Amino acid sequence: LRKQRRLLQTNVDFFNNMAHEFRTPLTNTGLALNMLVRKNPALHDDRFVEVLRRENKRLLSEVERVLQLAGIHNGHLTLQQEYLPLRDLLQSVCQDLELPIAAKGAAVDLEGVPAALEIWGDRAHLANAFRNLIDNALKYITGQPHIRLSARMQGKGVLVAVEDNGIGIPADQRTLIFEKFQRADQGNIHDQKGFGLGLAYVKSIVELHRGFVCVNAEPRQGSRFEVFLPLTKPL
């Protein structure tokens, strides 16, 4: 057992170090590409340049997720918590996803999120968590996406729901999807790119806020992810 634990830790350390080494060249590649476009305005709308930008951004995003998860599990992540207007936060996330939302012809409904409702947490990490949930809702669907965001007070916290009309999740895989490098094995789900880190990140961030995340889903009937965040007032 000790040997297996040492081997597991070695593998984790190697993967995290490899991700760290990837971050610098990927960042430099993105900067160089932007400089090239500025020097050659004719390349601004070039479709090959856009492919390079998109793929560079995707790789860098995956690397950052690996490093963030490593920081969480090693106890190196400190939350910068404050009161946040929930509706404003979710609207900002939707603006960041404006291009994929438009590309999918998706309808995103925030009417179920009260304008006055606030949450207590880290703006950047909670935005990333909700971005992952909405991004998943955009990916795993066969028709036109309809995503409904809602929120309400529940006990001493806020329950936020992200509901979609996608392909759903088999019952035996609803826990698996929150593990690192794991993805539900259903239909065309493997056509989507990624390392299977998005929901693991969501779970880690929400639990770091002393909350929880769960999913209700049936195959071909959509999914409903619920995030509970306790309201912790500063003394």
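**Note on the predicted fold**

1. Read from one end of the sequence to the other, the protein chain follows the pattern α-α-β-α-α-β-β-α-β-β-α-β-β, which amounts to six helices and seven strands. The model is a predicted one, and the points below should be read with that in mind. Of the 235 residues in the protein chain, 41% are buried. Among the contacts with a separation of 6 or more, 69% are accounted for by residues 24 or more positions apart.

2. The sheet is open and built from five strands in the order β2-β4-β5-β7-β6, with mixed pairing. Its edges are formed by β2 (107–112) and β6 (212–217), each of which pairs on one side only, and the twist from one strand to the next averages 20°. Helix α3 (residues 86–96) packs on this sheet and touches β2, β4 and β5, with a direction that makes about 175° with that of β2.

3. Within the sheet, strand β4 (residues 146–154) and strand β5 (residues 157–163) run antiparallel and are joined by seven bridges. Leu 149 stands opposite Val 162 in β5, and Val 162 is also among the residues that Leu 149 touches. Leaving aside residues up to four places away in sequence, the other contacts of Leu 149 are with Leu 90, Cys 94, Val 108, Asp 109, Leu 110, Gly 112, Val 113, Ile 134 and Ala 161.

4. Ser 150 is found in strand β4 as well. Is this serine buried or exposed? Ser 150 has a relative accessible area of 11% and therefore counts as buried, the limit for that class being under 20%. Beyond residues up to four places away in sequence, Ser 150 touches Gly 112, Val 113, Leu 159, Val 160, Ala 161 and Arg 224. Gly 112, Val 113 and Ala 161 are likewise among the residues touched by Leu 149.

5. At the other edge of the sheet, β6 and β7 pair in the antiparallel sense over six bridges, and Val 215 has Phe 225 in β7 as its bridge partner. The side chains along β6 alternate: Val 213, Val 215 and Ala 217 point to one face and are buried, whereas Phe 212, Cys 214 and Asn 216 point to the other face and are not buried.

6. Which residues have the most contacts inside the largest nonpolar core? They are Leu 86, Phe 130 and Leu 149, in a core of 41 residues. At least two residues of this core are supplied by each of α3, α5, β4, β5, α6, β6 and β7 (223–230), and the largest share, eight residues, comes from α5. Apart from this core lies another, of five residues, among them Ala 19, Leu 26, Val 63 and Val 66. As general background, nonpolar side chains in soluble globular proteins tend to be buried together.

7. Helix α5 (residues 123–139) also packs against helix α6 (residues 198–208), with axes that come within 9 Å and cross at roughly 145°, and the crossing is left-handed. On the α5 side the contact is made by His 125, Leu 126, Asn 128, Ala 129, Asn 132, Leu 133 and Asn 136, and on the α6 side by Gly 198, Leu 199, Tyr 201, Val 202 and Ile 205. By class, this contact of α5 with α6 has seven nonpolar residues, five polar residues and no charged ones.

8. Leu 138 is found in helix α5, and because its relative accessibility is 3%, Leu 138 counts as buried. When residues up to four places away in sequence are set aside, Leu 138 touches Pro 100, Ile 101, Lys 104, Ala 106, Pro 145 and Ile 147. Leu 138 and Asp 164 are 26 residues apart in sequence, with C-alpha atoms 8.4 Å apart in space.

9. Two arginines deserve a check of the backbone. Most residues other than glycine have a negative phi. Arg 210, which is not a glycine, has a positive phi of about 65°. Arg 210 is found in the loop between α6 and β6, and it counts as exposed because its relative accessibility is 56%. Arg 220 takes a positive phi near 65° in the hairpin of β6 and β7, where five residues lie between the strands.

How values were computed
Residues are numbered from 1 along each chain as its sequence is written. This is a predicted model: local features need pLDDT of at least 70, side-chain atom pairs count only at pLDDT 80 or more; totals for chains, interfaces and linings use all residues. Side-chain values use heavy atoms; hydrogens and water are left out. Axes are lines fitted to C-alpha atoms, for helices over the stretch in contact, and angles run from 0 to 180 degrees between N-to-C directions. Helices (H or I, at least four residues) and strands (E, at least two) are DSSP runs, numbered from the N terminus. A crossing is left-handed if the near helix is turned anticlockwise from the far one by less than a right angle, and right-handed if clockwise. Contact means heavy atoms within 4.5 Å. Ala, Val, Leu, Ile, Met, Phe, Trp, Tyr, Cys and Pro count as nonpolar, Asp, Glu, Lys and Arg as charged, and the others, Gly among them, as polar. Buried means under 20% relative accessible area, exposed over 50%, partly exposed in between (1.4 Å probe, protein chains only). Two strands pair if DSSP finds at least two bridges between them. A nonpolar core is a set of buried Ala, Val, Leu, Ile, Met, Phe, Trp, Tyr and Cys residues joined through side-chain atoms within 4.5 Å.
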